[in-house]
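Work through these exercises with the model open beside you. Try each task before you read its solution.

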There are 2 protein chains.
Amino acid sequence: MNISEAAKLSGLSAKTIRYYESIELLSQPRRAGNGYRSYHHGDIKTLCFLRQARQFGFNIAQCRLLLGLYKNPQRRSGEVHQLVSDKLEEVDAHIRELGETRDLLASLVGACSNNDEPDCAIIDSLADPREQVESQCLTENDR
Amino acid sequence: MNISEAAKLSGLSAKTIRYYESIELLSQPRRAGNGYRSYHHGDIKTLCFLRQARQFGFNIAQCRLLLGLYKNPQRRSGEVHQLVSDKLEEVDAHIRELGETRDLLASLVGACSNNDEPDCAIIDSLADPREQVESQCLTENDR
DNA sequence: CTAAGCCTTACAGCAAGAGGAAGGTCAAGA
DNA sequence: TCTTGACCTTCCTCTTGCTGTAAGGCTTAG
């Protein structure tokens, strides 16, 4: 099948498939007589694997590792497990961080008088140099 | 004061300050006789404003809007409120999405036998083309 | 014969800076 | 006075993960 069919089945775009090939994340596919790329069932599974790994937040380097394990019949499942649980922790940390950001945003939203007057607690708070000092001291002390 | 002092006080890097100037997010600062950029108290507040806005997840275009409101004594606080509550919603949506990703990752981690054998439920699941069909149908139906 | 709809390669550009080269300036110490 | 180190300047390239576009070739239907 041609690249657009492979794209449809895998959920990646044709552009993305060619890009993965260009950075050697994917190996060169077979070519039909006219030079068109030709994909088969196993290729589609690989493409799906990459799409899902990317959706889970693995970057290209990590996808390379995962793909190596996928292709390796002698892999140890413990290695896969490690990569995935590391990612889980990373996502958890990101969620916590975003949660703090959300809470701060919510407190800004609550403090603003939200009318036609120029006075605005949000503006005041954003421009306040002190908003940074504490957290900077904290991170410095952390080290 | 010179740029590195302004950087320290604002929490931005000197690189970033120059970059903001190059994209005209910041106006040209005064220059000392030797050509060095020279910053004063009001500049520091502006820099802090930008640092905080970026930390809250506003992109450069949004920072431009916010900065316009900051500099405008005739602003209506309602406009600021709108921008910030939109961002709050955006962050909320992002958190929900990441939450789903985390749950899926956690289920993968739980399903893996995590040992020296090659059999791995994670690998199988990632390569499974069906994992995509439902969500794709959903998004298509949504339109 | 032509038009649409595929396919190919190759180059440019996006955000939001970080890193580094090459050179000018300034203040302190030998 | 000379040097050394820490600043500062501009300019250029690199990053990540693609997406857009140009210019051209193949295929199939009317």
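**Exercise 1.** Find what R37(B) places beside a phosphate oxygen of DNA strand D, and give the distance.

*Solution.* Start at R37(B) in this predicted model. Look at its backbone, where an N or O atom lies 2.8 Å from a phosphate oxygen of DNA strand D. Next, go to R54(A). An N or O atom in the R54(A) side chain is 2.5 Å from a phosphate oxygen of strand D. Finish with R18(B). A polar atom of the R18(B) side chain lies 2.9 Å from a phosphate oxygen of the strand.

**Exercise 2.** Describe the protein surface near DNA strand D: how many residues surround the strand, and which are the closest?

*Solution.* Step one is the count: 19 residues surround DNA strand D. Step two picks out the closest, which are K15(A), T16(A), Y20(A), R54(A) and R37(B). Step three sorts the surface by class. It holds six nonpolar, seven polar and six charged residues. Step four asks which elements take part. Chain A offers α2 (14-22), and chain B offers α1 (3-10) and α2 (14-22); each supplies at least two residues. With four residues, α2(A) gives the most. Step five turns to the DNA side. Of the strand D atoms within 4 Å of the protein, 68% belong to sugar or phosphate, and the rest belong to bases.

**Exercise 3.** Repeat the survey for DNA strand C: which residues come nearest, and which helix gives the most to the surface?

*Solution.* Begin with the residues. There are 19 around DNA strand C, and R37(A), K15(B), Y20(B), Y36(B) and R54(B) come nearest. Sugar and phosphate make up 69% of the strand C atoms that come within 4 Å of the protein. Now take the helices. Chain A brings α1 (3-10) and α2, and chain B brings α2, each with at least two residues. The helix that gives the most is α2(B), with four residues. By class, the surface near strand C has six nonpolar, seven polar and six charged residues.

Then check single contacts. A polar side-chain atom of R37(A) lies 2.8 Å from a phosphate oxygen of strand C. For R54(B), a side-chain N or O atom is 2.8 Å from a phosphate oxygen of this strand. I3(A) uses its backbone: an N or O atom there lies 3.5 Å from a phosphate oxygen of strand C.

**Exercise 4.** Decide whether chain A is a compact globule or more spread out than one.

*Solution.* First, list the elements. Chain A has seven helices and two strands. In sequence order they read α-α-β-β-α-α-α-α-α. Then compare radii. The radius of gyration is 24 Å, well over the 15 Å that the globule rule gives for 143 residues, so chain A is more spread out than a compact globule. Add the dimensions: the C-alpha trace spans about 70 × 40 × 20 Å along its principal axes. Now look at burial, where 39% of the 143 residues count as buried. Last comes the surface. Chain A exposes about 8300 Å², with carbon and sulfur atoms supplying 48% of it.

**Exercise 5.** Is T101(A) buried or exposed? Which residues does it touch?

*Solution.* Locate T101(A) in helix α5 (residues 77-111) of chain A. Read its relative accessibility, which is 15%. Buried means under 20%, so T101(A) counts as buried. Now list its contacts, leaving out residues up to four places away in sequence. T101(A) touches Q55(B) and F56(B).

How values were computed
Residues numbered from 1 in each chain as written. Chains lettered and ligands numbered in written order. Predicted model: local features only at pLDDT ≥ 70, side-chain atom pairs only at ≥ 80, totals over all residues. Heavy atoms only, no water. Near = heavy atom within 4 Å. Polar contact = N/O pair within 3.5 Å; in protein donor to acceptor, adjacent residues only side chain to side chain. Nonpolar A, V, L, I, M, F, W, Y, C, P; charged D, E, K, R; others polar. Rg over C-alpha atoms; globule rule 2.2 N^0.38 Å. Buried < 20%, exposed > 50% of the residue type's maximum accessible area, 1.4 Å probe, protein only. Areas by Shrake-Rupley, 256 points an atom, 1.4 Å probe, with all protein chains shown as cover. Contact = heavy atoms within 4.5 Å.
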